[in-house]
Amino acid sequence: MQSIHRLAIFIVIAGFSLAAMAQQSGVKSPVKPRPAAGNVSKLTREQKFVIDTVRMAVALPESDPQDRLRVLSSAADVVLPIDKKMAKGFWSEGARIETELVRLGQTPAVSMMSGGQVDCATALNFVENLPESSVLRAEQSLIGAMTACPKQTLDPVSRKLDAGLEKRVVAPRALMAAMAAQGERSAWSREHFAKMFASLPEPKDNAPEAENFAAMYTQLSGSVDKDVAAKTGLQLLTWLGRLEDSPLRSLSIRITTGAMQQALGDEGYKAALQSDIVASSTAQNAGQEREIERPTPEGVSILAAMDGRGTDQTESLRGMPATDRARAAAAHGFATGTAGDKQQAHKYFDIAFSAADEVWEARTPQANAPAVIQEISEAAAQVDSLNALSRAQKLHDSSAQAIAMLAVARVVASNGVAR
């Protein structure tokens, strides 16, 4: 009943767009077209479809503010080329949610601030209301604020980063951005370069930041006095020495020692290590170079699916884990659908969207359910936009529905309506 109600709402809101599409495809529309607000006559049929779909997606309820932030960010990106005023409204709401998430000690799933589209008054308000203890969680947002509105936010961000250092909360990428904006050879940058390495946080809880600390040292060690470069390099090596052995630790040590040699020269580097037994031991015991296992972007395996065209893959799909099943089924749906076999494509998309519901219901950060929803919806929209939209509306969770609908709108905005 709930799905029927949502479909009825869609028909009312999107009547004009769907009526036009139905007329071209030979299907009579059950409702009279209702023009959307604004100057509709200047919008193309595809643009009207995008606007209507975005409005309906954003109107769906999200119980999780992180999901709401995802929806608003995606909606703003999709609608920006068509309706800047609407996108601005999404940015404003998203920035408020982003601010509240950071205040509550959470890292935003996406950052409206990092897109550089939030107005400068909103960006400044975000910075000024940010707790000093949250600068690392809000690192990407702070970088976005400085990039978009340097005149308004550079000094406030610099003060927040400074206050964070006092509490041993270090945001290395934001500090690098602030130093680049202040001037790498400025007094502020030199002072905070030294202050950062004297305030490095607890290694156990911040091991993933090792490479960022090493990169920051590499970028700025040549811009400070040699005695500062020596002291900070030794401090970083001592900190790295307290990390558990790992490929990332070994890489960070090699990056640091290489930067020290370049900044100090061979003799200066040797003299520095001789003055600190712990740092010297770390440098000598970096371990062999090992490959770091980094997350690989997951996507729909279109090329592999192309090789399997003409052979029914449904049985092999059923034994896969839900995430793999959703992506692989969507890939086969795209491959067969774009080759002209729409009937078989719909069977694959039945499997893909059913698996997507499983992924969402058992969602974990590792599975990245929103990305799965987006990928299969985009694949389906490439084959049949209206059918993909209908499938998106039938997903069990309203947040998943909104993410899927926006993915369909994104495809239509780029490629037009596919049938």
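Which hand, left or right, does the link of Cys120 and Cys149 have? In this predicted model, the link is left-handed, with an angle of -90° about the S-S bond. The two sulfur atoms of Cys120 and Cys149 are 2.1 Å apart and form a disulfide. A search of the whole structure finds one such bond. Cys120 belongs to helix α6, which covers residues 120-128, while Cys149 sits in the loop between α7 (139-148) and α8 (150-166), so the disulfide ties together parts that are 29 residues apart in sequence.

The surroundings of the two cysteines were described by relative accessible area. Cys120 has a value of 26% and is partly exposed. Cys149 has a relative accessibility of 1% and is therefore counted as buried, because buried means under 20%.

A further buried residue is found in helix α19, which spans residues 342-361 and contains Asp357. The relative accessibility of Asp357 is 10%, so this residue counts as buried. When residues up to four places away in sequence are left aside, Asp357 touches Leu395 and His396. For His396, a polar atom of the Asp357 side chain lies 3.0 Å from the backbone nitrogen.

Another aspartate, Asp384, is placed at the start of helix α21. There, one of the side-chain oxygens of Asp384 comes to within 3.3 Å of the backbone nitrogen of Leu386. Helix α21 runs over residues 385-393, and its buried residues include Ser385, Ala388 and Leu389. Arg391, Ala392 and Gln393 in this helix are buried as well.

Note on methods: Residues numbered from 1 in each chain as written. Predicted model: local features only at pLDDT ≥ 70, side-chain atom pairs only at ≥ 80, totals over all residues. Heavy atoms only, no water. Disulfide = S-S within 2.5 Å. Helix = DSSP H or I, 4+ residues; strand = E, 2+ residues; numbered from the N terminus. Buried < 20%, exposed > 50% of the residue type's maximum accessible area, 1.4 Å probe, protein only. Polar contact = N/O pair within 3.5 Å; in protein donor to acceptor, adjacent residues only side chain to side chain. Contact = heavy atoms within 4.5 Å.
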